[in-house]
Amino acid sequence: MGEVMTASTDKRSVTSLVRTGVEPAAGYRPGTADHSHHPSARLDMNESPFGLSPKAQAVLDAYTDGNRYPDFLQAPLREALSAYTDVPAERIIPGAGLDDVFETLALLLIEPGDEVIICEPTFGVYRSLMTMHGAVIVNVPLTPKPDFRLDVDAILAAITEKTKLIMLCQPNNPTGTLMPREDIERIVTGAPSVIVGIDEAYAEFAQTSHIDLANAHENVVIFRTLSKFAGLAGYRVGYGIFPDALVPYLNRVAPPFFNISAISSEIAIASLNDLDVLNERLNVLLAERAQLSANLGEIEGVTVYPSATNFILADLPVATSEPLLKELAERHVYVRRFGIPEHDLTQALRISIGSPEDNRLFLETFTELLEHHRVSH
Ligand SMILES: Cc1ncc(COP(=O)(O)O)c(C=O)c1O
């Protein structure tokens, strides 16, 4: 009482104010990738190699309304997505990329201690984002390679009273696997009081969808993005298809304007009006995927896993793919690897399907460098 405390004992450190569950992380990724180099191949982020479609480019060129807020409810965008998916616009909750829609999902569902089932190796954001919201991650690994299947019985057995969400990635990143539909259906019907999130970021490349499951079952949410097949990764437009019952709650938790800028929204709408062009490009990428898979498969010791996406996962006859990844990057060819030992992908690389020139550059460089690292059995 009445004691004068010194500044040093009085003051809380600012870091003590940070929410429980938020771990410090390195915010700056050293920019080793020199994308300005010619030639270079950016095959590490599963992006589209194509620029805007003609209609979208025309919208961008003519745009003058940046001083105005977007439509508050993003009604025109949601109508365009509704026409594309054949789902009522009210059930479509967009966001600034799927990562942002996952954030809305977490705000809707997750309280500290809630359990989220994921099946690794899969898209890393599920674990990091849900953990940040206090969720306990329950990992039910995929069956070992080469199958990478969902262990449906183990998933259903892992459900407890605390389970709020099962996140499935269909087709899966980074394995490229399209899971059998009956496995997804068994999870949906076997877990009626858990939300089953189906991430269909790559659905267009798989030429299949589970939107009908979301129409038939109240516990299914589908996640889609325009980043991949529509080539709008930089504009950040994704969306979730939710059950009617959750819509009023989403109207509460979704951010103003759904975090989508007016120009991104206009470009997304224009792209969806240019589906013929997008489908032509999709066919180019599917043909390139088949070609690159065949070419890689011909190299001795390389195992190419079947892909229903715009990337290929390949296991290599090397002790570890780390030096190869580095040497490819030194030659301005960028691909991804996954270093977590339990995921058993440390000898693999994931290669996004780029333009024919990108893929050729990758294949030439890779074929040459692989010989320096090959382990003979
Ligand atoms: C499976 C999966 N889901 C979601 C995303 C994120 O997509 P967006 O660009 O819409 O945030 C990605 C991006 O790589 C992905 O691979």
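Student: Hi! Which way do β9 and strand β10 run, and how many bridges join them?
Tutor: Hi there! β9 and β10, with β10 made of residues 311-315, run antiparallel, and 2 bridges join them. Keep in mind that this is a predicted model.

Student: Got it. Which residue stands opposite T303?
Tutor: That would be D315, which belongs to β10.

Student: And what is the order of the strands in that open sheet?
Tutor: The order is β9-β10-β12, so to speak a row of 3 strands, with antiparallel pairing. As general background, strands of a sheet pair through backbone hydrogen bonds, and this can be parallel or antiparallel.

Student: Why is one side of β9 and of β12 left without a neighbour in the sheet?
Tutor: Because β9 (303-304) and β12 (348-352) stand at the edges, and each has a single partner strand.

Student: Switching to the ligand: where does the ligand sit?
Tutor: The ligand is found in the largest pocket.

Student: How many residues surround the ligand, and which are the closest?
Tutor: There are 13 residues around the ligand, and the closest are L98, D199, Y202, T225 and S227.

Student: How do the residues of that shell divide?
Tutor: The shell around the ligand has 5 nonpolar, 4 polar and 4 charged residues.

Student: What does the side chain of T225 do there, in terms of distance to an oxygen atom of the ligand?
Tutor: One polar side-chain atom of T225 is 2.6 Å from a ligand oxygen atom. For R236, an N or O atom of the side chain lies 2.8 Å from an oxygen atom of the ligand. D99 uses its backbone instead: an N or O atom there is 3.2 Å from a ligand oxygen.

Student: How much of the ligand's accessible area does the protein cover?
Tutor: The protein covers 92% of the 390 Å² of accessible area that the ligand has on its own.

Student: New topic, the prolines. Is the peptide bond from K145 to P146 cis or trans?
Tutor: That bond is cis, with omega near 10°. P146 is placed in the loop between β4 (136-139) and α6 (152-157).

Student: And where is the place of P171?
Tutor: P171 is in the loop between β5 (163-169) and α7 (181-190). The peptide bond from Q170 to P171 is cis too, with omega near 0°.

Student: Back to the loop between β4 and α6: is the phi of F148 positive or negative?
Tutor: F148 has a positive phi, about 50°, although it is not a glycine. F148 lies in that loop between β4 and α6. In general, most residues other than glycine have a negative phi, and most peptide bonds are trans.

Conventions: Residues are numbered from 1 along each chain as its sequence is written. This is a predicted model: local features need pLDDT of at least 70, side-chain atom pairs count only at pLDDT 80 or more; totals for chains, interfaces and linings use all residues. Side-chain values use heavy atoms; hydrogens and water are left out. A residue is near a molecule or strand if one of its heavy atoms lies within 4 Å of it. A polar contact is a pair of N or O atoms within 3.5 Å; within protein, one must be able to donate a hydrogen and the other to accept it, and residues adjacent in sequence count only if both atoms are side-chain atoms. Accessible areas come from the Shrake-Rupley method with a 1.4 Å probe; for residues, only the protein chains shown count as cover. On a 1 Å grid over the protein atoms alone, a cavity is a set of points where a 1.4 Å probe fits but cannot get out, and a pocket is an open set with protein on both sides within 12 Å along at least five of seven lines; lining residues have an atom within 4 Å of a point. A molecule sits in a cavity or pocket if more than half of its atoms lie within 2 Å of its grid points. Ala, Val, Leu, Ile, Met, Phe, Trp, Tyr, Cys and Pro count as nonpolar, Asp, Glu, Lys and Arg as charged, and the others, Gly among them, as polar. Two strands pair if DSSP finds at least two bridges between them. Helices (H or I, at least four residues) and strands (E, at least two) are DSSP runs, numbered from the N terminus.
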